[in-house]
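Here's a quick tour of one sheet and one helix pair. Have the viewer open while you read.

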Amino acid sequence: MEKPNNSPIIYTNSQGLSDNLTVTEIRNQRELASIYDKFRDPSTPFSTLVVEVDRMGSEFRNTDIVATSTIGNDVSLHDVKLALVRWLEIINNKYAENTIKSLNYDLTIYIDLCHKHQLNPFNISCREFISLSEQRRGECKPATMARWCNSVSKFYQALNIINPMQDELVKSVFIKHRKDKGGGQGQARGMTFEQLDTMYDMLSESDSLADIRDLVALSLMLECLMRRAELVSIEIQHINLESETPLLYISRSKTDQDGSDATYVPFSERTRRIIEHWLNLSGITTGYLLRGLTKYGKVRSTKPAPDLINKITKRASELLGLDVYLTGHSGRVGGIQELVADGHSNIAIQLNARLKTPAMVARYAREINAATLPMSEFLKRNK
């Protein structure tokens, strides 16, 4: 009986030339060809990253070994590309739009730096990575560097190749960077109800579209403990102005991409009145609640960009004469601080603010006025 032939199957390409490829290799090439081009399209979030990886083609052929796997095997550029597009598909399905943009930005910077320093990004030593990141460590805050390193680490984990982020020497360099520059991430200045009252005194009697819209935005961001992205996503149908207690429906949050944690939160009678004033003044009946204005003072019909909230908080800061500007997160921070100072439990505040853990309440309230802390009352009674 003839013995079975265990050698790789030989295939013939369209030109009649044989490619010494196994069935698995043929399938992988077919899969790569059908998907990889999609990510070169400039309209896809990771097109810049894929184009950067394509530059490797001028330095390595697809059959050349460019990396070492986590278990010590050689990895070709073709296999790297195959793993890359699979990972990008998973990311596009799994992550929020802003997370994808952030990840793409970080990784494109990394690939660019590798080309600038003539380093193979798929096979970089710990000392090469330390040298490569030196300029960014000098320019960036520890929080920014931590995010960048986390993005690069995800990249290596997805490709299943040796990850320089896991090296103890690399870790020690970034620990030193955090110690030298200070590791605490800056928190937005909290907005207070006293500041909101002042804004109402200044603007509530105005017939200016910008004035009334800004009061709506500032009121909701403080009373409903809202993130900037949540504010610009509010639609008319999300607001219940008819109930005894006016309510806002928040369909999803930063950590709830499928809307499973959707909830209602209350706001005040004053905010109900200013929203009604805004709707009457603007003529808005459907669509998004907050809108940008044209240079002629007309209300736009499209969804506002998150930058609109930055402009509103910057203007409020200037009107209030603040030395440190409010940001799109100031209402959320300030509202949580007000609730902590008023003695509400961490669990109750967590539910109201749509936070994943009670520990986040303490983080938001870390800059609360010392006079409101329990020791202040204790000291008054024990002079």
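Start with the sheet: three strands make an open one, ordered β5-β6-β7, with antiparallel pairing. β5 and β7 are the edge strands, each pairing on one side only. Keep in mind that this is a predicted model.

Here's how the two pairings look side by side.

| Pair | Residues | Bridges | Direction |
|---|---|---|---|
| β5 and β6 | β5: 239-240 | two | antiparallel |
| β6 and β7 | β7: 263-266 | four | antiparallel |

β5 and β6 form a hairpin, with six residues sitting between the two strands. Across that pairing, Ile 239 stands opposite Leu 248 in β6. On the β7 side, Ile 250 of β6 has Thr 263 as its opposite number, while Leu 247 stands opposite Pro 266.

So which residues of β6 are on its covered face, and which on the uncovered one? Strand β6 spans residues 247-250, and Leu 248 and Ile 250 make up the covered face. Leu 247 and Tyr 249 are on the uncovered face. That fits the general pattern: in a regular strand, side chains alternate between the two faces of the sheet.

Now for the helices. The axes of α3 (residues 77-94) and α4 (residues 97-116) come within 10 Å and cross at roughly 150°. From α3, the residues in contact are Trp 87, Ile 91 and Asn 92, and they meet Ile 100, Leu 103 and Leu 107 of α4. Sorted by class, this contact has five nonpolar residues, one polar residue and no charged ones.

Note on methods:
Residues numbered from 1 in each chain as written. Predicted model: local features only at pLDDT ≥ 70, side-chain atom pairs only at ≥ 80, totals over all residues. Heavy atoms only, no water. Axes fitted to C-alpha atoms, helices over the stretch in contact; angles between N-to-C directions. Contact = heavy atoms within 4.5 Å. Nonpolar A, V, L, I, M, F, W, Y, C, P; charged D, E, K, R; others polar. Buried < 20%, exposed > 50% of the residue type's maximum accessible area, 1.4 Å probe, protein only. Pairing = 2+ DSSP bridges.
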